[in-house]
Amino acid sequence: MLRSFALALLLASGAAAAQNTAPADPVPAGTSDVAPPADAPADTSAAPDAAAAATNPPPVPEADPSAKPNGPSPEQQRFEQYRRDLVNLLALRAEGDLLTAAAELAYPDGEDKARAASLKSPALIKRAQKYSPDDALVWWISTFLCSPTPGACQGEAATHLQQAAADNAAAWLPALHAAKDPGQARALLASMAQARRCDDFWAGGVLAVYRALQTLPVPAEVLAHGLNTTAARVNLATGVGGGFLPNYARLGEMCRNAESADQALTADCLAVARLLESGGSFRTQTIGFGIEDSLLPAGTARDVLRARQRSSIWQKQQFLELSARFPRDEALAQAYMDLLHEHGNELTTVTALLRTQHVPTDPPPGWQPPQSNPTAPADAVPAPSH
């Protein structure tokens with residue numbers, strides 16, 4: 001991988017690591033056909049943060065380790081300067097989404113004593129709260145970045161998030177993840193089940209970072225490797241802005257034994273699962289499929305569910321093929337971003353993009369996903385056999 005884009009992905013990994021300091025926060029994780037365990041580290045190579053993965057050029061062979069110079073390469077230094085210049089400019093803005101993007105981009109500077117505190121994530125996300133106090137995305141990212149260490153601000157951010165988006169099932173996840181009292185956790189799950197929609201903030205995060213990246217030209221060193229400007233920005237936006245996804249471990253823990261518990265819990269888990277299935281990103285959809293599959297008995301309903309998941313996996317694979325063209329087809333990359341801005345949802349964006357390219361959104365008869373079990377466990381929610 002080119003050094004500049006290796007660094008870009010390190011930024012995304014750094015954003016994911018931010019969650020480890022705040023137990024109330026959801027864990028950012030990569031997306032795959034089978035969702036990884038919730039406590040696994042983010043997999044920045046997984047699909048369908050595919051726009052990011054597909055725009056990465058082929059790996060560059062490493063030189064003999066003994067011949068490597070000490071310290072970062074000039075290209076890495078240039079890219080790091082670009083990132084910091086971008087944060088410096090964004091910090092002057094009075095718009096919540098741009099300040100939120102700045103907070104995400106600034107995460108690697110957390111331990112840098114040479115960087116002013118005002119240019120670090122906690123201060124930037126606090127400014128975002130000031131200018132956009134009702135923006136749910138601001139409070140979502142606040143649960144990750146409001147402090148470098150666990151503290152009261154994560155709980156306060158979770159409360160503001162619920163107030164800003166009470167009808168969004170995902171808004172209850174940080175509090176659910178942090179709840180230590182079983183009764184409180186059960187009440188939060190019930191609130192999730194009453195929500196009208198689910199938006200896991202994947203699209204909002206990507207769009208915020210993408211808009212922020214338009215503040216400065218992409219470094220020439222990046223474009224010199226065969227990427228166009230739009231593809232380069234899609235790469236970094238999906239890697240960083242799309243890195244803050246929920247942790248479903250507590251939800252999975254509660255719903256795993258729902259069948260043997262009371263019917264109300266089972267009903268709530270099924271309601272939440274169905275919300276997640278349209279929840280904004282393929283990863284969240286996969287979690288919903290996994291929970292519902294674990295609770296449905298063998299029969300028509302589960303067969304229909306698995307057919308829907310089969311179509312979802314097909315769409316992801318077709319999107320991977322399309323997004324591989326982004327580096328050489330700037331119009332296609334721009335069309336993807338335009339559709340994401342229009343729909344605000346990865347699932348509907350991919351479906352729309354496939355249709356504009358005349359790609360079927362349903363698999364042909366007989367097609368099967370590459371893995372042996374298309375309803376493999378999702379975030380510690382096993383699918384028992386019936």
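In this predicted model, helix H16 passes helix H18 in a left-handed crossing. H16 spans residues 300-323 and H18 spans residues 346-356, and their axes come within 10 Å of each other while crossing at roughly 60°. Because of that angle, H16 counts as oblique to H18. On the H16 side, the contact is formed by Gln315, Gln318, Phe319 and Leu322; on the H18 side, Val350, Thr351, Leu353 and Leu354 take part. Sorted by character, the residues of this contact comprise five nonpolar and three polar ones, with no charged residue.

Aromatic rings offer a second way to read the structure. A pair of such rings is described by how far apart the centres lie and by the angle between the planes. Here the count comes to eight aromatic pairs. One of them joins phenylalanine 79 and tyrosine 82: the ring centres are 5.9 Å apart and the planes meet at 50°, so the pair is tilted. A tilted pair is one whose planes are neither under 30 degrees apart, which would be stacked, nor over 60, which would be edge-to-face.

It is worth seeing where these two residues sit. Both belong to helix H3 (residues 74-90), and because phenylalanine 79 and tyrosine 82 are three residues apart, about one helical turn separates them. Phenylalanine 79 has a relative accessibility of 4% and therefore counts as buried. Tyrosine 82 is buried too, with a relative accessible area of 4%. Buried here means under 20%.

Elsewhere in the chain numbering, ring pairs link Trp140, Phe144, Phe201 and Phe244 into a cluster.

Notes:
Residues are numbered from 1 along each chain as its sequence is written. This is a predicted model: local features need pLDDT of at least 70, side-chain atom pairs count only at pLDDT 80 or more; totals for chains, interfaces and linings use all residues. Side-chain values use heavy atoms; hydrogens and water are left out. Axes are lines fitted to C-alpha atoms, for helices over the stretch in contact, and angles run from 0 to 180 degrees between N-to-C directions. Helices (H or I, at least four residues) and strands (E, at least two) are DSSP runs, numbered from the N terminus. Angles under 35 degrees count as roughly parallel, over 145 as roughly antiparallel, 65 to 115 as roughly perpendicular and the rest as oblique. A crossing is left-handed if the near helix is turned anticlockwise from the far one by less than a right angle, and right-handed if clockwise. Contact means heavy atoms within 4.5 Å. Ala, Val, Leu, Ile, Met, Phe, Trp, Tyr, Cys and Pro count as nonpolar, Asp, Glu, Lys and Arg as charged, and the others, Gly among them, as polar. Rings of Phe, Tyr and Trp (its six-membered ring) pair if their centres lie within 6.5 Å; planes under 30 degrees apart count as stacked, over 60 as edge-to-face and the rest as tilted. Buried means under 20% relative accessible area, exposed over 50%, partly exposed in between (1.4 Å probe, protein chains only).
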